[in-house]
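Here are my notes on the model you asked me to look over. I've kept them as numbered points so you can read them next to the viewer.

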Amino acid sequence: MTPPPLIIVIPAYNEEKTVGEVVVKCRMQNVECRTLVIDDGSSDNTAQVAKQAGAVVLSHPINRGLGAAIATGIEGALRSLRSTGAPSASQCVVTLDADLQHDPAEIPQMVAPIMQGEADVVIGSRFVTKSRGASDLVTGMPWSRRLANWCGNVVTWFLFGIWVSDSQSGFRAFSASAARKLRLRTSTMEVSSEIIREITRLKLRLVEVP
């Protein structure tokens, strides 16, 4: 079967309670997509639940960390996309978390700037609202989390010279051509900052959406 031009990568570690719902919601969106779950050495039934929900599952034999799971997922997505007949410009890779903190219904707006030729990478920001500017914070996030994220933004800006309102967001979209250029080497949570570094190094066009 020819792969669709959009692959959704879902890193998951012991997420049997939520990963199935995430996969189902991804498959319900009005986009031609395939879901790829990276089971990062889970000790529960994450892989089985994901498969039952309709995802393709790649499994690490041990827990290697978020960065390794994302790298495996992007590599698997690109392998799948190489055999598609879709134009390269329409091929995208989306990453989102398996714990329901990201809404799959927002995938179309995530990929829109790439499809319209306006971006190479899109980050879904929890700190940008639809009706307000980028300086307005969304509600519902504890102040401790907001402060930690803001500190991550400052460090990212200091190290890489680019300001991102939500540098630690796991909800991202990449054009296939941009994803092929990424060199991800970190294995754990610092992968989010590493992705920002790669955006800077490769001079990729970045857009943030609510």
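The points below go from the whole chain to the sheet, then the helices, and finally some side chains.

1. First, a caveat: this is a predicted model. Keep that in mind for every distance and angle below.

2. The overall layout. The protein chain has seven helices and seven strands. Going along the sequence, you read them off as β-α-β-α-β-α-β-α-β-α-β-α-α-β. So much for the order; as for burial, 50% of the 210 residues in the chain count as buried. The accessible surface is about 10,200 Å², and carbon and sulfur atoms hold 54% of that.

3. Contacts along the chain. If you take the contacts in the protein chain with a separation of 6 or more, 67% of them are between residues 24 or more positions apart.

4. The sheet. The seven strands form an open sheet in the order β3-β2-β1-β4-β6-β5-β7, and the pairing is mixed. At the edges sit β3 (56–60) and β7 (206–209), each of which pairs on one side only. From one strand to the next, the twist averages 20 degrees.

5. The β3 side of the sheet. Strand β2, residues 33–40, pairs with β3 in the parallel sense, over five bridges. If you want a spot to click on, I38 stands opposite L58 in β3. Helix α2 (residues 46–53) packs on the sheet here, where α2 touches β1 (6–12), β2 and β3. The direction of α2 makes about 165 degrees with that of β3.

6. Strand β4 and its neighbours. Which way do β1 and β4 run relative to each other, parallel or antiparallel? They run parallel, joined by four bridges, and V9 has T95 in β4 as its bridge partner. On the other pairing, β4 and β6 are antiparallel, again with four bridges. There, C92 stands opposite S175 in β6.

7. Both faces of β4. This strand is covered on both sides: C92 and V94 point to one face, V93 and T95 to the other, and all of these residues are buried. Two of them also turn up in the bridge pairs above, T95 opposite V9 and C92 opposite S175.

8. Helix α3. Residues 66–82 make up α3, which lies across β1, β2, β3, β4 (92–95) and β6 (172–175). Relative to β1, α3 runs at about 155 degrees.

9. Salt bridges, starting with α1. The count for the model comes to seven salt bridges. One of them joins E21 and K25, with the closest N and O atoms 3.1 Å apart. Why is this pair placed to meet? E21 and K25 are four residues apart in helix α1 (residues 19–28), so about one helical turn separates them. Both ends are partly exposed: E21 has a relative accessible area of 38%, and K25 has 32%.

10. The salt bridges in α7. R197 is worth a look, since the side chain meets two acidic partners. With E194, the N to O distance is 3.5 Å; with E198, that distance is 3.0 Å. R197 and E194 sit three residues apart in helix α7 (residues 191–202), so they are separated by about one helical turn. A wider network of salt bridges links E194, R197, E198 and R201.

11. Burial within that network. R197 is partly exposed, at 29% relative accessible area. Its two acidic partners are on the other side of the cut-off, because buried means under 20%: E194 has a relative accessible area of 6%, and E198 is at 1%.

12. A loop residue to check. Where does S167 sit? S167 is in the loop between α5 (143–160) and β6. Although a loop residue, S167 counts as buried, at 1% relative accessibility. The side chains of S167 and Q168 are joined by a polar contact of 2.9 Å.

Methods:
Residues numbered from 1 in each chain as written. Predicted model: local features only at pLDDT ≥ 70, side-chain atom pairs only at ≥ 80, totals over all residues. Heavy atoms only, no water. Helix = DSSP H or I, 4+ residues; strand = E, 2+ residues; numbered from the N terminus. Buried < 20%, exposed > 50% of the residue type's maximum accessible area, 1.4 Å probe, protein only. Contact = heavy atoms within 4.5 Å. Areas by Shrake-Rupley, 256 points an atom, 1.4 Å probe, with all protein chains shown as cover. Pairing = 2+ DSSP bridges. Axes fitted to C-alpha atoms, helices over the stretch in contact; angles between N-to-C directions. Salt bridge = Lys/Arg side-chain N within 4 Å of Asp/Glu carboxyl O. Polar contact = N/O pair within 3.5 Å; in protein donor to acceptor, adjacent residues only side chain to side chain.
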